[in-house]
Amino acid sequence: MASVPQQGESKMLNFVYLNCHHSFWFHLFAVKLKAHGVRVLGTGVIPFDYLPPQLKAGLDDYQVVSGLEDYDSAFKAVTYFKEKYGNIDYIEAFTIDEVMIMQGKLRDDFNVTTGPSAADISNKIKKSTTKKIWADARIKVSPGTVPANIEEAVNFCKEHGYPFISKPDFGSGSVGVVKVNNEEELRAHFQAGYLLEKFIVGRIETFDGLVNKSGDVVFSSSMHYGSGGIRELMAGESVNTFYYSDVEVKPDMKEIGTKAVKALGLKCQFFHCEFYRTQNNDLLPIEMNLRPNGGMNVSFWGWQNNRSLYEDFAKIVADKPLDPYPEKAFVYAGYSGRLNQLKYKHTIDEVKEKMGTNLKFHFPMPPNLDPNLLKVFGNHAFSYIAPDLDTLLQFDSTIRETVA
C-alpha cells in the first residue's frame, strides 16, 4: 500500500477506481495508471487478499464496500482515501450505468470535476435526452418519444406507423427491449418511462473509442454484429453471438460518430455509441454508453494496433503525449460464443489446432453470470484475430458450425 506524501514532495494524482474487480480484463487500467505515476485507490466487495494478483499489483490502497451500488459504503471509502491521501482527482468505474450514476454523485460530493456529474451522466445515457441532443446537432435520428400514458403512445404510433421498439429510457443493453407490431401489442407491453422508437430495418454498427481532456477523439473503432442485432439475441430470434472489430472506421461513420461524441461534450473517457445502418445506408444513432465496450473489446483494440488502450488512457490522465494511431488497424479482431444447448461440429481442441496463434483466448463463461448476458455472449467465449475478413468469417464458422 502507498505511503502518504511528505512535505516538499509533488502531489500524485489520486484516482479512485470503483468496483475495480468487476471486469477481469480491466485490472490493466489500474496497472497502467500506477505505472504512469498515478495513485490508484480501489473499492470492491471482495476482500483484498482474494483479489487477482495482477489487480493487487496495480492498487496503492483498497477499501471493501458493502455492494457494487451501495452509495453510503462507497462514500465512506472515498472519505477514507481523501483523509489519507488528500483531494481526489478522478473517480471512475468503467462499468454499468447504475454504478455510473453513483460515481457521478460521488464526483459531486467530493468536488471532482474531471468527469461528468450525476445529472450530466443521467442526461447523456437517457436515450430520449441524447436523441434530442443529437437532433439539435442536426444528426438524423429515428422518431421516438417517452409517452406519458397509453393514449399518447397509441397516437404517436398511429402517426408514424408500426412497428416500434419499446425499451427502457435509462440504461444500456437490450434488457427489456420489445418489438411492438400493432396496437394490441402496444397496450400489452406499455410501460411508463419507456422509450417508444420507430423500428428500423438495418444492421447495428458501432462507433467506439477514446477522447482526451480536450474532447478530441484520439482513437476510434467500429464493431459489426454478425448474428442480427443484440435485440434479436435477447429475444431468442438469433442464436450464438458473433461480432468483430473492423480494421477501419467507414468515412460516414467517422464523420457522424465524431459529431455525436462532440455533441455530448465527452472528455477524458471511453465511449461506445451504437448506430443503425439502414437499408438506405443512413446512420441513425441509438444510444451512447459512457464507458468502454463490455467484454474484451479494449483488448481487441490493442491486438489490432499493437498498443495498449489501457496505457493510452493512463497517459491522458497523467498528461503524457500520445502517438497518433494509424488510419487502419493491422488485423481484424473477432468474438464468437457457443451455447451449451447446441452441439458443435468441431471440438475445442480442433478449433485450437485450426486457428493456431490467431486464437487469443477461449474460456467458459462463469455459470452464475446474468442469464441475459449469457444469451449475448454465450457459455463459452472465443476471441481471435485474422489478417482479412474472409479468414475472420472462416474462423467464426469453425467455432460456431453446428451438427444436428
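Strands in these views are DSSP runs of E with at least two residues, and helices are DSSP runs of H or I with at least four, numbered from the N terminus. Every view comes from a predicted model.

**View 1. E92 in strand β4 and the residues around it.** Let's begin with a single residue. E92 belongs to strand β4, which covers residues 90–92. Is E92 buried or exposed? Its relative accessibility is 9%, and buried means under 20%, so E92 counts as buried. Leaving aside residues up to four places away in sequence, E92 touches F15, V16, Y17 and L18, together with Q103 and R107.

**View 2. N19 in a loop, with its side chain reaching L68.** The loop that holds N19 runs between β1 (14–17) and α1 (27–35). With a relative accessibility of 3%, N19 counts as buried. Which backbone atom does the side chain of N19 reach? The partner is the backbone oxygen of L68, at 3.1 Å. L68 is also one of the residues that N19 touches, along with T43, G44, V65 and V99, when residues up to four places away in sequence are not counted.

**View 3. Helices α5 and α6 packed against each other.** Two packed helices are described by the angle between their axes and the distance between the axes. Helix α5 spans residues 118–125 and helix α6 spans residues 127–136; their axes are 5 Å apart and meet at an angle of about 80 degrees. That angle makes α5 roughly perpendicular to α6. Look for N123, K124 and I125 on the α5 side of the contact, and for K127, T129 and T130 on the α6 side.

**View 4. A cis peptide bond before P163.** Where does P163 sit? You will find P163 in the loop between α7 (150–160) and β6 (164–168). The peptide bond that leads from Y162 to P163 is cis, and its omega is near 0 degrees.

**View 5. N281, a residue with a positive phi.** This residue sits in the loop between β13 (269–278) and β14 (283–289). N281 is not a glycine, yet its phi is positive, near 70 degrees. At 45% relative accessibility, N281 counts as partly exposed.

**View 6. Helix α11 and the residue just after it, N306.** Helix α11 covers residues 297–305, and nine of its nine residues are buried, so the helix is largely enclosed by the rest of the structure. If you would like to trace the buried residues along α11, they are N297, V298, S299, F300, W301, G302, W303, Q304 and N305. What phi does N306 take just after α11? Its phi is positive, about 55 degrees, although N306 is not a glycine. N306 lies in the loop between α11 and α12 (309–317). Unlike the buried residues of α11, N306 is exposed, with a relative accessible area of 63%.

**View 7. G378 and its contacts.** G378 is in the loop that links α14 (371–377) to β17. A relative accessibility of 2% means that G378 counts as buried. Setting aside residues up to four places away in sequence, G378 touches T241, R338, L339, M365 and L373. How far apart in space are G378 and N305? From C-alpha to C-alpha they are 27 Å apart, while 73 residues separate them in sequence.

**View 8. Helix α15, its cap and its buried side.** Helix α15 has twelve residues (389–400) and reaches 16 Å from its first C-alpha to its last, close to the 16 Å expected at 1.5 Å a residue. D388 caps the N-terminal end of α15, where one of its side-chain oxygens lies 3.3 Å from the backbone nitrogen of D390. Which residues of α15 are buried? They are T391, L392, F395, D396, T398, I399 and R400. These buried residues pack against three strands and a helix: β12 (242–245), β15 (332–338), β17 (380–386) and α13 (348–355).

**View 9. Helices α13 and α15 side by side.** The axes of α13 and α15 are 9 Å apart, and the helices pack at an angle of about 165 degrees. The two helices are therefore roughly antiparallel to each other. Their crossing is right-handed. In this contact, V351, K354 and M355 come from α13, and F395, T398 and I399 come from α15.

Technical notes
Residues numbered from 1 in each chain as written. Heavy atoms only, no water. Expected span 1.5 Å × (residues − 1). Buried < 20%, exposed > 50% of the residue type's maximum accessible area, 1.4 Å probe, protein only. Contact = heavy atoms within 4.5 Å. Polar contact = N/O pair within 3.5 Å; in protein donor to acceptor, adjacent residues only side chain to side chain. Axes fitted to C-alpha atoms, helices over the stretch in contact; angles between N-to-C directions. Parallel < 35°, antiparallel > 145°, perpendicular 65-115°, else oblique. Left-handed = near helix turned anticlockwise from the far one by under 90°.
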